[in-house]
Amino acid sequence: MSADNQNVTATKPKQKGKSLPPKLIIWLGKFVWTTLWQLMMSQLAPRGKSGEYLRPSSQFRDSIGIDSPYPPATGRYQLFVGLSCPWAHRTLVVRSLKGLEDAISVAIATPDPIQGGWVLPQQEEGCRSLAELYQLAKSGYQGRCTVPVLWDKQTKAIVNNESAEIIVILNNAFNEFAQHPELELYPEDLREKIDWWNEKIYHAVNNGVYRCGLAQTQAAYLEAYNELFATLDEIDAALANSRYLCGDCVTLADIRLFTTLFRFDIAYYGIFKCNRRRIQDYQHLGSYLRDLYQLPGVADTCDLESVKQDYYGNLFPLNPGGIIPAGPDMSSLLVPHGRENIGKSTANS
């Protein structure tokens, strides 16, 4: 055998058996992943017959009042929140705007993708997770353990875990302890209009982005997607002649919309496939978002990194690689919004 033949023989790789054809690898990968995805999604996002996401109802619905088992008090109540959660974020915004920081304490929970729930970095009421807190409040509780939670430290009870109701409570039940009791976010003369916007925005926008991102069929996704952007177009048109949704003053309707808008370009546009356009691309919604963000104390409630970590890092079925985007640059939220005189020129002319 020649030297050349010896070299060829020496460098020829040994065959360890035939590899699977690419077609079979792709089929097997899709089958395994789709099966696992459906299993995980069934736990993450309950679905209807058409594959649409169905949000379960909150279970604790008490209020704060003189005639309630939970009377107004300072230092008695605590909010359990997650910084990434838009529903919990609402309560932080109202707490900040009303100046209730000294009256109502806050405990921050973080999502744990392994345990599949919210955990507490340090013990609260002897609990290291929100699930334990719910069990402390109601032994044998079988429902979802969500944020926000309005907690009564005196009776070890959950007063309320429905964000829409908690922000009403924070607006009117603690005025004697608030730094800004004069700020009325749910005035009686505007309640019908506020409630109208709330109903529309909740279904199509607040929950609409989740109906897009957690849809389990193409038809369910497209229905939610089209409804979401039709409503955003309607809101954008309304904001052309009104600084806020209900006139010249901020209301709970604006706050409920704000926490979704803040997360939109960061998360919903990408991972939830809400990608017809970004909020900053709208003629009026972009400046409206900046207006709300620049209200005193609101920016301090916004945590960009927590939002990205939770949506991209913890929603494994939607982003199995776990890669968290480096952007976007949110400094644009500090650009002057120029909305101070919208809706005033007609009234003053």
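Colleague: Let me get the terms right: buried means under 20% relative accessible area, exposed over 50%, and partly exposed in between, using a 1.4 Å probe and protein chains only. Is Trp87 buried or exposed?

Modeller: Trp87 counts as buried, because its relative accessibility is 11%. Before we go on, this is a predicted model, in which local features need pLDDT of at least 70 and side-chain atom pairs count only at pLDDT 80 or more, while totals for chains, interfaces and linings use all residues. Residues are numbered from 1 along each chain as its sequence is written, and side-chain values use heavy atoms, with hydrogens and water left out.

Colleague: How many aromatic pairs are there?

Modeller: The search of the whole structure gives 19 aromatic pairs. Rings of Phe, Tyr and Trp (its six-membered ring) pair if their centres lie within 6.5 Å; planes under 30 degrees apart are stacked, over 60 edge-to-face, and the rest tilted. One of the pairs is Phe80 with Trp151, edge-to-face at 6.3 Å centre to centre and 85° between the planes.

Colleague: Which strands do Phe80 and Trp151 lie in?

Modeller: Phe80 is in strand S1 (residues 77-82) and Trp151 in strand S5 (residues 149-152), so their pair links parts 71 residues apart in sequence. Strands (E, at least two residues) and helices (H or I, at least four) are DSSP runs numbered from the N terminus. Phe80 and Trp151 are both buried.

Colleague: And what sort of pair do Trp87 and Tyr202 form?

Modeller: A tilted one, with 6.0 Å from centre to centre and 55° between the planes. Trp87 belongs to helix H3 and Tyr202 to helix H6 (residues 191-206), so this pair connects parts 115 residues apart in sequence. Tyr202 is partly exposed, at a relative accessible area of 27%. Trp87 and Tyr202 also belong to one aromatic cluster, along with Tyr210, Tyr221, Tyr225, Phe229, Phe264, Tyr268, Phe272 and Tyr311.

Colleague: New topic. In what order do the strands sit in the open sheet?

Modeller: The order is S4-S3-S2-S1-S5-S6, six strands with mixed pairing. Two strands pair if DSSP finds at least two bridges between them. At the edges are S4 and strand S6 (157-160), each with a single partner strand, so each has one side without a neighbour in the sheet. From one strand to the next, the twist averages 35°; axes are lines fitted to C-alpha atoms, for helices over the stretch in contact, and angles run from 0 to 180 degrees between N-to-C directions.

Colleague: How many bridges join S2 to S3?

Modeller: Three, between antiparallel strands S2 (residues 105-112) and S3 (residues 117-124). Pro111 has Trp118 in S3 as its bridge partner. Four residues separate the strands of this hairpin, and Gly116 has a positive phi near 75°.

Colleague: What about the hairpin of S3 and S4?

Modeller: That hairpin has two residues between its strands, and Glu125 in the turn takes a positive phi of about 55°.

Colleague: Last one: which residues line the largest cavity?

Modeller: Val93, Leu97, Val250, Asp254, Ile255, Phe258, Leu292, Leu295 and Val298. Helix H3 (86-98) and helix H9 (252-268) are the elements giving two or more residues to that lining. A cavity is a set of points on a 1 Å grid over the protein atoms alone where a 1.4 Å probe fits but cannot get out, and lining residues have an atom within 4 Å of a point.

Terms used. On a 1 Å grid over the protein atoms alone, a cavity is a set of points where a 1.4 Å probe fits but cannot get out, and a pocket is an open set with protein on both sides within 12 Å along at least five of seven lines; lining residues have an atom within 4 Å of a point.
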